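Here are a few exercises to work through with the structure open beside you. Try each task before you read its solution.

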Amino acid sequence: MGEQRRRWEYWWISLCFSFLLGVGQQVSAQIRYTIPEEMKEGSVVGNIAKDLGLDVSTLVDRRFRIVSGSKDAFFLVNQNNGELYVHKSVDREALCDGNGACVVNLKTAVENPLEIHYVAVEITDINDNHPSFSEQNQHFEIAEHTPTGTSFQLHAARDQDAAAYSVRLYKLSQDENFEIDIRNSDEEKIPFLVLRKPLDREHKAEHMLVLKALDGGNPPKSGTLNITVTVLDNNDNRPVFSQDPYTVNLQENSLIGTTVIKIKATDSDEGSNSEIEYSLGKTLKRKVYDIFQLDRITGEITVKGNVDFEDTDVYKLDVQASDKGQPPLSAQGRVIIKVQDINDNKPEIELTSLSNIVAEDSKPGTVIALISVSDKDSGINGKVVCSLSENVPFELKPSFQDNMYSLVTKGRLDRELVPHYDITVTATDLGQPPLSSIKTLSIQVADVNDNRPEFSSNFLELYIFENNVPGASIFSVRASDKDVNENALITYQINRGGGTQNDVTSFLNINSETGVIHSLKSFDFETIKTFQFHVLATDSGSPSLSSNVTVNVFILDQNDNVPVILYPVSANGSAEGVEEIPRNVNAGHLVTKVRAYDADIGYNGWLLFSLQEVSEHSLFALDRYTGQIRTLRSFTETDEAQHKLLILVKDNGNVSLSATATVIVKVVEPKEAFAASDVKNAVKDEEENDVTFYLIITLGSVSVLFVISIIVLIVMQCSKSTDYSSKYLQDANYDGTLCHSIQYRSGDKRYMLVGPRMSIGSTIAPGSNRNTLVIPDRRRRDSGEVSE
């Protein structure tokens with residue numbers, strides 16, 4: 001009845017605990033059940049399906065099963081109802097060692113969809129084991145003269161149950177000569193038989209005692225040891241050890257079977273009373289019995305297990321020497337074994353990094369990390385020397401404390417040269433052979449603003465056509481900075497210092513981020529032909545660094561000026577004139593010359609003349625280049641007395657511009673012609689004087705501008721280290737009209753700024769910016785580009 005009640009209590013506790021675990025399922029991925037050990041096979045532990053909220057009707061289809069757990073399969077699940085039941089009776093003492101919790105972890109699975117659930121079954125201990133002694137009987141031979149108070153160690157009882165049900169009490173059967181004394185050693189109680197009253201062999205030669213060990217169960221379970229005490233006659237000399245204590249050195253990792261020491265005890269008695277047997281004390285730690293053994297006859301202690309200095313450096317063995325007298329006498333001694341260290345442990349490196357980022361301007365001696373090294377070995381084997389990998393600007397500084405180092409910088413750092421260091425720390429002990437360990441520390445060099453922005457060149461050249469669109473981009477500059485991040489973020493601005501260029505640069509604007517330059521006005525070649533400005537590039541570091549570049553701008557001409565008729569010009573300013581010639585002139589007679597001027601240069605200023613209208617085509621001819629009007633034949637009586645010529649003057653621009661002049665030729669008799677010529681010559685001389693004055697001013701202005709342009713180009717080219725003498729060729733060509741030209745070369749092309757009179761074979765070929773004149777050139781020369 002009591003057994004059934006206890007089983008009901010265990011079930012109740014298990015179910016309550018399972019319910020609590022089921023409620024906490026939403027938080028924990030594991031269900032926990034608790035059952036007592038030795039439950040019958042088939043007993044239900046808990047309903048996993050119910051606790052997990054699984055549909056019981058789908059368990060078979062979803063293949064509900066245990067996929068891992070104990071290899072002995074103590075538990076199984078029922079797919080029909082989801083219950084976890086005991087498949088094989090569980091013995092807690094066979095399954096788990098020690099007094100800790102004994103838990104069997106199971107992993108269950110269901111499919112479609114696949115779900116994994118973890119179930120823990122804790123096996124609680126019940127008092128199902130009796131205390132037991134290693135031997136059922138223990139025999140003592142005690143001399144009758146043994147003094148009272150002498151104690152004799154008894155076998156200790158062991159109980160496989162947990163601490164709550166372990167051995168708690170020893171009881172000795174009633175005897176007037178003996179009593180029990182219990183001493184605590186580590187986690188167990190050691191019984192000693194104590195002589196309470198002197199023995200009298202004649203009164204009683206043998207004592208039969210029963211020692212009972214009781215555990216902590218309710219009711220307690222017990223085990224018994226039968227003790228037989230035989231009273232002997234006197235053996236009045238005890239064995240004596242040759243020395244006490246014995247001290248010996250033993251190298252760690254000694255081979256099994258190695259002799260540690262041989263102890264020796266002597267007895268002054270004779271016969272069997274002097275024959276000695278040796279044994280180890282019964283209260284030593286279990287580890288001592290696993291490592292050393294003592295030969296009971298020879299007294300030789302040998303190694304039978306692993307000797308590790310780092311585990312235990314000194315062993316203290318209690319030894320006993322007993323004679324074979326009746327009763328036997330014994331003596332206790334001690335053997336101290338000092339384990340000698342060998343170099344069998346590598347140094348250990350502990351690295352505490354203050355920061356794995358160091359600024360490149362860090363001063364020598366800046367601490368990067370703290371390093372401590374240790375070695376489990378002792379003596380010279382535990383002495384450690386640290387070193388760093390070679391060719392790094394770092395070094396180790398020893399601390400006042402042993403085996404402590406500081407990793408510091410020893411030189412200047414430059415992120416632009418080496419942005420990253422992998423530092424290898426090597427720790428080597430001084431043992432023989434030495435052992436070493438390595439550890440790698442990754443150091444990033446942080447950037448500081450120590451590099452200025454750099455342009456590809458100190459001088460840049462820009463060629464741009466006049467009449468550019470205001471607001472459009474005309475050029476872009478770009479600088480680079482070897483620094484990174486904010487230190488490499490560059491902004492651009494135009495220096496607008498005082499000087500003659502101030503008016504021009506005020507109409508320039510630059511994008512501070514991209515370096516694209518915009519012109520806010522349209523340039524006029526006839527007003528300005530070249531200028532320069534300075535662009536300043538500044539990084540965003542603190543403090544910021546900057547550099548500048550000089551941009552030389554050359555304005556290229558466009559055909560934006562209409563030819564101007566210089567002669568003939570009437571009094572009211574119109575391009576009309578009257579010429580009188582005698583009727584008797586021969587063919588080829590110069591009637592007059594049409595003079596014109598174009599402010600543009602090159603093809604744009606090269607003027608051509610042509611007859612648009614003429615009353616008699618067979619009488620007059622017009623020179624295409626000079627504008628001279630000559631007679632083709634002599635006049636006849638039938639020719640008209642007055643002829644009107646309409647002359648078209650046009651330039652050679654891509655879109656040519658033109659002007660017209662009207663010349664009226666009157667044919668007069670020779671006498672009238674002479675009379676009229678005097679008057680006409682007087683007027684014409686005055687007009688020609690004015691025309692000559694204007695021509696001189698115009699020619700002088702163009703020449704001065706031309707010379708200035710040539711000087712600027714020469715100065716710019718001389719300021720560069722590269723010889724560009726082959727790129728620019730100056731050519732002045734005069735052929736009756738105002739003209740000039742500038743030639744320069746880039747790669748396989750020749751570029752020319754020309755006056756009105758040039759080779760007719762020249763062509764206009766717009767470049768990528770539609771701002772150059774290209775002259776075909778089959779000669780190949782190696783020369784750099786002039787224009788950006």
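**Exercise 1.** Decide whether Tyr 421 is buried or exposed, then work out how its ring and that of Phe 394 are arranged.

*Solution.* Keep in mind that this is a predicted model.
- Step 1: buried means under 20% relative accessible area. Tyr 421 has 11% relative accessibility, so Tyr 421 counts as buried.
- Step 2: do the same for Phe 394. Its relative accessible area is 2%, so Phe 394 is buried too.
- Step 3: look at the two rings. Their centres are 5.4 Å apart and their planes stand at 85 degrees. Planes over 60 degrees apart count as edge-to-face, so that's what we call the pair of Phe 394 and Tyr 421.
- Step 4: place the pair on the chain. Phe 394 belongs to strand S30 and Tyr 421 to strand S32 (residues 420-429), so with their positions 27 residues apart, the pair links distant parts of the chain.
- Step 5: put the pair in context. A search of the whole structure turns up 10 aromatic pairs.

**Exercise 2.** Which ring does the charged end of Arg 183 sit over, and which one has the charged end of Lys 529 over it?

*Solution.*
- Step 1: start from Arg 183. Its charged end lies over the ring of Phe 192, 3.9 Å from the ring's centre.
- Step 2: go on to Lys 529. Here the ring is that of Phe 525, and the charged end is 4.4 Å from its centre.

**Exercise 3.** Find where Arg 63 and Asn 391 lie, and say how exposed each one is.

*Solution.*
- Step 1: check the backbone. Phi of Arg 63 is near 55 degrees, a positive value in a residue other than glycine. For Asn 391, phi is near 60 degrees, again positive and not in a glycine.
- Step 2: locate them. Arg 63 is in the loop between helix H2 (48-52) and strand S3 (65-68). Asn 391 is in the loop between strand S29 (384-388) and strand S30 (394-398).
- Step 3: apply the cut-off. Over 50% is exposed, and from there down to 20% is partly exposed. Arg 63, at 44%, is therefore partly exposed, while Asn 391, at 78%, is exposed.

**Exercise 4.** Which strands are at the edges of the open sheet S36-S40-S39?

*Solution.*
- Step 1: read the order. Three strands make up this sheet, with antiparallel pairing.
- Step 2: pick the strands that pair on one side only. These are S36 (473-476) and S39 (508-510).
- Step 3: look at one pairing. Three bridges join S36 to S40 (residues 516-519), and Ser 473 stands opposite His 518 in S40.

Notes
Residues are numbered from 1 along each chain as its sequence is written. This is a predicted model: local features need pLDDT of at least 70, side-chain atom pairs count only at pLDDT 80 or more; totals for chains, interfaces and linings use all residues. Side-chain values use heavy atoms; hydrogens and water are left out. Two strands pair if DSSP finds at least two bridges between them. Helices (H or I, at least four residues) and strands (E, at least two) are DSSP runs, numbered from the N terminus. Buried means under 20% relative accessible area, exposed over 50%, partly exposed in between (1.4 Å probe, protein chains only). Rings of Phe, Tyr and Trp (its six-membered ring) pair if their centres lie within 6.5 Å; planes under 30 degrees apart count as stacked, over 60 as edge-to-face and the rest as tilted. A charge sits over a ring if NZ of Lys or CZ of Arg is within 6 Å of the ring centre and within 35 degrees of the ring normal.
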